[in-house]
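Got the viewer open? Here is a short walk through one interface, with something to select at each stop.

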Amino acid sequence: MSSSLLSVINLTKKYGDFYANTDVNLNVKEGSIHGVIGPNGAGKTTLFNSLAGSTKPSSGKIIFDGQNIEHLEQYDRPILGIGRSFQVTSLFPDLTALENLRLASQAQEPARGFVFWHGITRKGFGQRRALHMLHRLGLDKQAQTPIKALSHGQQRILEVGMALMSEPSLLLLDEPTSGMGVDDIPQMINLLKQLREECTILLIEHNIRLVTEVCDQVTVLQAGKVISEGTPLEVSQDEKVKTAYLGEGI
Amino acid sequence: MSLYLFQILNGVGLGMIYFLMGVGLTIIFGMMNFVNFAHGAFYALGAYACYVVMSITGSFWAGLVLAPICIGILALGIEKVLVRRLYAVDHSIQILITIGVMMMIREGTLLIWGTVPKSIRVPELLAGIVAFDDFVYPVYRLFIVGVTALIGIGLWLLLEKTRFGMVIRAGSERPHMVALLGINIDKLFSMTFIGGVALAGVAGALIAPIRGVDAFMGVEALGIAFVVVVIGGMGSFSGALIGGLIVGLVQSFTSGFWPAGTNVMIYSVMALIIMFRPNGLLGRA
Amino acid sequence: MIKLKKAIILASSMFLSLTSYAQAKDVTIYGVSSESGAFANFGKQGSKGLKLAVDAADDAAGMKFNYSIIDSESNAGKAARKVKAAISKSDARYFIGSTLSSTALAVGKEVDKAGGIYINGSGADEITGTQCNKAMFRWSAPTYGAVNASLIPVLDLHPEIKRVYTITPDYVFGEAMLNNAKIILKKRGIELVGNSYHSLKEKEFSGYLSQAMATKADLLLVLNFGSLATNTLLQADSFGMKDKMQILLVWSSGLDHFRTLTPKVAEGIYFGSQYWHEDESPANKAFVALSREKLKETPNYPMAHYYQMTKLLIDSMNATKSADPDAIRKHLEGLEYDGLTGREFINAENHQVEKYFYLLQGKKASEMKDPDNYANIISKAKYFLPANETGCKM
Amino acid sequence: MQNTTPFKTYAMGLIAFVILLPLLIHSQVLATEILIFAMAAIGCNLLLGYSGLLSFGQSLFFGGGAYAASILSINFDVSLLTVIGFTLIVGIALAVLVGFFSIRRQGIYFVMITLAFGQLGYYAAFLAEDFTGGEDGLLDVPRVALKLPFLPDVHFDTDISFYILTSVLFVLSVMLMQLVVNSPFGSVLQAIRQNENRAEAIGYRVKLYKIAIFAFSGAITALSGALYALMLNFAPLSNIDIEISETILFMCVLGGLGSIFGSIVGAAVFLLASDFLSELWPRWMLILGFLVILVMLYARGGLWASLMIMLERAKEILGIKEKHNV
C-alpha cells in the first residue's frame, strides 16, 4: 500500500436524501494513470469534486501522500501538489494565455498574490515558468492571445497546462477530451503519455478508447457505488459493467 | 394580550400587501433569472395610472382595472427594446441598467405629474371600518387582503395546474428543452415579464388610496419588495408570501416597542436570514 | 473695438462690485432652494416667491436687485458646498431660504463666517436657539409657537376633549413638538392617553391609528409633517376616525396639504399653518394680488415665505440705503413691520421673526367659494419663547 | 491587461490635471468636490470594475469616514495626519466587516447584504444623535492643521490651500490605486472577476482577496468622505444615505468600469452636469438614467474608453492629413 499516492476510504456524499456517492473506495498507485468511468449520473463528478475540494464529502477519508485532506479547502490542494482541470473549459477569458499560466504559477506562493506595491514586470511571479509551459504545450505563438480568441482544442490543452503549473504529483483531469474533435484526441493522448513520466494521473472519462489506451487501472461507478475495478481489459469483460453500460451505447 | 393579537392581525394584513409588492419581482426572477430594479418604478406608475384613469372617469374601479393594463403595455415595449437583451448577462449589469430605467421613469413621472403628491380617495363602497370589540380594521384594507389572496390563488393555479404554467416552469429550468418542444421561448419570457410588471402595477393602484401617489413611492416599494423576496428566496412564489408575512409581522411588532428601528429590524432580519439560508427560506440552490 | 470697450466696462464694473459692495448699485440675492430632488415642489415654489419679490422691488435707494438661485438638490451637503462656492467666487453675502433644517444650519454657518445675512424659514428650534448666530434670521415660528397657537384654540373650542393621543416622528423635531404639547396638556389637566413614535421613513400608520382608537381618545394630535402627515391623515380618514374624535395636524404645509388631501379628507380636520393666503392683512392682500396677476396662481407657504423674507431684506436695504450686512443686521434687529401675517417683529436677541401662526379648519367641498378656499381661519396667534429661554447665545 | 505606460507619465498627467481643473471650471470649491468624489468613484471601481463586486454599502464607508474625521477634529486637538490615519482605520474596519459577511454570498444576495449594511449604517447614524448630530449633522467641523515637528503648522482654511491638500492626497491615492490594479494582487482580482472558481482551483484564497479589495475600497472611500466633511466644515446625515452609494455608483459606471481614469472623468462629468444642468432643467437625471443604460449596453468602458477611441480616430484622421501634406 505504500505505493498508493491517493486513497479514498468509504467516501460518502449525500445531498439531502440523495446519495451521490456511497462508500467509495479507491487506490491510485504512484506513477499510474487511473481512470474512473461510469454511465451518466454514476457520481463521477461528485467524486471528482470531493477530491479536488470544491465539495466536502459527508463522511469517509481522502488520504493523499499520507495526509488526510478531505477537510482541506480547494485552494489548499494545488499547493500540496494536486492539480485539477475542468470538464467545461474554465479559464480567464479576457486574459492572455501567458497571463493565465502566470497566474497559476504565482498561486504556488500564496503571499505573492498580495503584493500590491509594485508591478508584475519584476522577476518571479511566474512569468518565466509560464513561458516554459507555453513552449511545452506548443502554444508559444499564442502567448499574447486572449483565451477567448483561441481555438477549442488549444483551450483544452491550456486547461491541462493550468493544472500542471503547480507541478502536481497528482493530476486530476475531468473529461480531458470533452468536446474535442476526433482529430484532436490523439494529441491529448500523447500529452497524457508524456505526463505519466512526471506525475500520477486520475482521470474521469467518457471516451472509452482513451481509457483503454492510456489507463493502467480503471474504476467503474454506478449509482454512486464502485461496481468494478481492475485493468481496462478486466473491466471491459465484467458482466456488471456491461449491464451498466447497456443502452448507454459505448 | 389583545394588543398582541392586534399586532399579529395587522402584521398579516401588511404582509399580504408586501407579498403583492414582491410577487411580480419573484416571478420574473424565477422564470427568467432577471433582477428587475425598476420594479418599484412600475409600482409607482401603476398608482399614477390609476390616478389618471380615476380623474378622467371618476371611477376607482376603472383605474384598478386599466392601470395594470397600461403598465403591461409599457412593459411590452421595454421588454422588446431593452430587457430582451439582458437575460444572459450578470445580475450586477441587470441591476445597473434597470436602475437607469427606474431613474428615467421616476424623472418622467415628475415631469408629467409634477412634484406635488396626489391622493386617491377610498371608494365609497369600501369606506369605513369593521369593528370587533376594540379591534377596528378599515374595510378597504380587508379588500386589499382579499384581492391579494385571490391574485395569489389565481397565480398558484396558473403556475401549478395549467399547461401554460408547466411550460413556464420548464422554461425557467431548461430553456433549450422548451425551445426544442417548439415553444417560442422569447414569447414566453416576454409574457412573463409583462405579467410580473403588471402585478407591480396592480399593487401600486391598490395601495394608492392608502398612501397617496408620489414619484418617490417607487424607491420605498423597491426596498420592501426586495427584502420580502430575498427573505423568501428569489424566484420562489410561496417564499414571497412567507417573506411578506415575516416583514409585515416584524414591522408590526417593532413599531410597538422601537418605532425608529423598524427599518433596522427589517434589514437585520433579512441579513441574518441570508447568512444562515444562502438562498432565502424557500429559494432553490 | 466697441466689443472690447464693452468688455472692459463690464470687467471693471464686475471688479468694482466684487471689491466694494458697499457702494455697488447691483445687489444679488441668493435663493437657496431645493429645485431638484425629493423636495423639488417646495423649492420651486420658494424660488417663485423670491423672484416675485425681486421683480417687484422698488429702487428707492438707487440699487438694482438681482437674484440667483442655488439648487440645494434637497441635500444639505450640496447646499453648503454651493453656498461656499458662491461666497468665495462671487462674493455673495445675501442668502434666503432653505427646505430642510439641516440645510439652514449648515448654510447659516457659512454665511456667518462670511459676515453676510441669511434669512430662512426652517423649523428646527436650534436655528434661533442653541445654534443661532448673528448672520441668521428665521421667519417661521418654531415648534413652541406652532403647538401653542394651534393646540390651545382647539382645546378652547372643544372643552369636551379630555383624552389626547399623539403621533410623533422619532427624532429631535418630533420630541420638541411633543414636549411643547405635553406642557399645555398638563397645564389644562388633560390626559395624554398615549403616544406613538414612528420613524421618518414610515408609510404605514395603521398600527398607531388603531392604538389611538383603542384608547378612546377625543383628540388625535398629529405632530409629524409633509408626506408623513399626508399618509397619517389619509389612513385616519379610511379608519373613519373623523367621526370618533377631533384631529389636529400642527405642522401642516398649508395649501399644498389641502390640495393633496382633497376636501373630502381635509373636511373638519384642524390644521396649524405658518401661512394662509386668505389673511386680511394689507401686505398679504397685495402679495396675493401680485401673485395672481403675475403667476396666475394662489401663493402657498413656500412661495409666501420666500417672498416675505426677500422683501424684508430688500426693504431694509432700501431703508438703510446700503448693502452693508452690518447696517442691515442692525436695522433688522428689533424691527417691527407690516408682514404677510400682520404686524411682525424681529427679536434682536435671537433673530426670530415673531409672526402670526394660523389655525385652520378644512371646509366641505360644497362650501368652498373658490378652488383654493379649502379652509376657514379659526384663529391666528403669536407665541414665542423669550430669547433667553431658547438657549441662543450670540 | 498590463499597463505599459510608465509610472512617471501617469504622475505628470495627474499633476497637470489637478492644476488645470480649477482654472478650467473657475471654482476651487467645485474642483475640490470633483477630486473628492473621483476618489470615492475609484473606491467603487476597485470593487465593481476590477473585482466584479456591486456594493451598495459605499455610503457606509463614505459617511463613516466623514463622521470619524469630524468627531476627531471637533473634540480633540489633533494634527491632520492623525485625522487621516484614524479615518483610514475606520474605513478599513468597516469595509472588512461588510466584506467579511457579504462575500459569502453571490449575485443578488451579495448586493442585498451590502445594501442592508448601508441601511443599518444610515439608521445607526440617525439614531446616534450624540455622536453624529442625527438629522442636523455635525456642524462646525474644523479643518485641523498639519502639525509637523520642527516646522510651523500648516493651515487649510482658504479654498486654495484646501484644494492643494485635496490634490496632494488625490494624486497620492490615485497613484497607489493605479499601482494596486497593475500589481500581482491586481492580477489575481482580474482572475477572480473573470472566473472565480478557477482562481480558487489554482490555489487562490478568493475570499481573502475579496476582503482585501474591500479594505482598499473602504480606505479610499472613507478618506474621500473625510475630505468632504472638512471641505464643507459639516458632516450631514446625507453622507451616509443610500443616495450617496447610488451617486458614487453612477460616477463609476459613467466613467467606465475597470478604469481608474474613467472614474475621475465620471465624477467630473457627473458633478459638472449636476451643477449646470440642474439649473437649466431640474429633471436632468432623466438624461443621466438614459446615459447609464447606453453605457451599460454599448460601452462598458464608459466615457473614458469612448474618449480614448475618439482620440485614436482623430489621430488617424490627422495622420492621414499629415501624409497628404507631405
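This tour goes from the two domains of one chain to the residues where they meet.

Keep in mind that you are looking at a predicted model.

**Stop 1: the two domains.** Select 22-141 + 280-354 of chain C and colour that as domain 1, then give 144-273 + 357-389 another colour as domain 2. Their C-alpha centres lie 28 Å apart.

**Stop 2: where they touch.** Now show the contacts between the two: 20 residues of domain 1 of chain C meet 15 residues of domain 2 of chain C. Together the two domains bury about 1400 Å², with 55% of that on carbon and sulfur atoms. Pick out C:Ala141, C:Thr341 and C:Glu354 on the domain 1 side, as these lose the most area to domain 2 and together make up 34% of what that side buries.

**Stop 3: polar links.** How many salt bridges cross between domain 1 and domain 2 of chain C? The count is zero. For polar contacts, though, you get four residue pairs between the two domains, both partners at pLDDT 80 or more.

**Stop 4: the elements on the domain 1 side.** Select helix 11 (301-320), strand 12 (342-346) and strand 13 (353-354) of chain C; these are the elements that give two or more residues to the side touching domain 2. Linger on strand 12 of chain C, which gives the most, with three residues.

**Last stop: colour by residue type.** On that same domain 1 side, facing domain 2 of chain C, you should find six nonpolar, eight polar and six charged residues.

Definitions and conventions. Residues numbered from 1 in each chain as written. Chains lettered and ligands numbered in written order. Predicted model: local features only at pLDDT ≥ 70, side-chain atom pairs only at ≥ 80, totals over all residues. Heavy atoms only, no water. Domains from an automatic or database assignment. Contact = heavy atoms within 4.5 Å. Buried area = accessible area lost by both parts, 1.4 Å probe. Salt bridge = Lys/Arg side-chain N within 4 Å of Asp/Glu carboxyl O. Polar contact = N/O pair within 3.5 Å; in protein donor to acceptor, adjacent residues only side chain to side chain. Helix = DSSP H or I, 4+ residues; strand = E, 2+ residues; numbered from the N terminus. Nonpolar A, V, L, I, M, F, W, Y, C, P; charged D, E, K, R; others polar.
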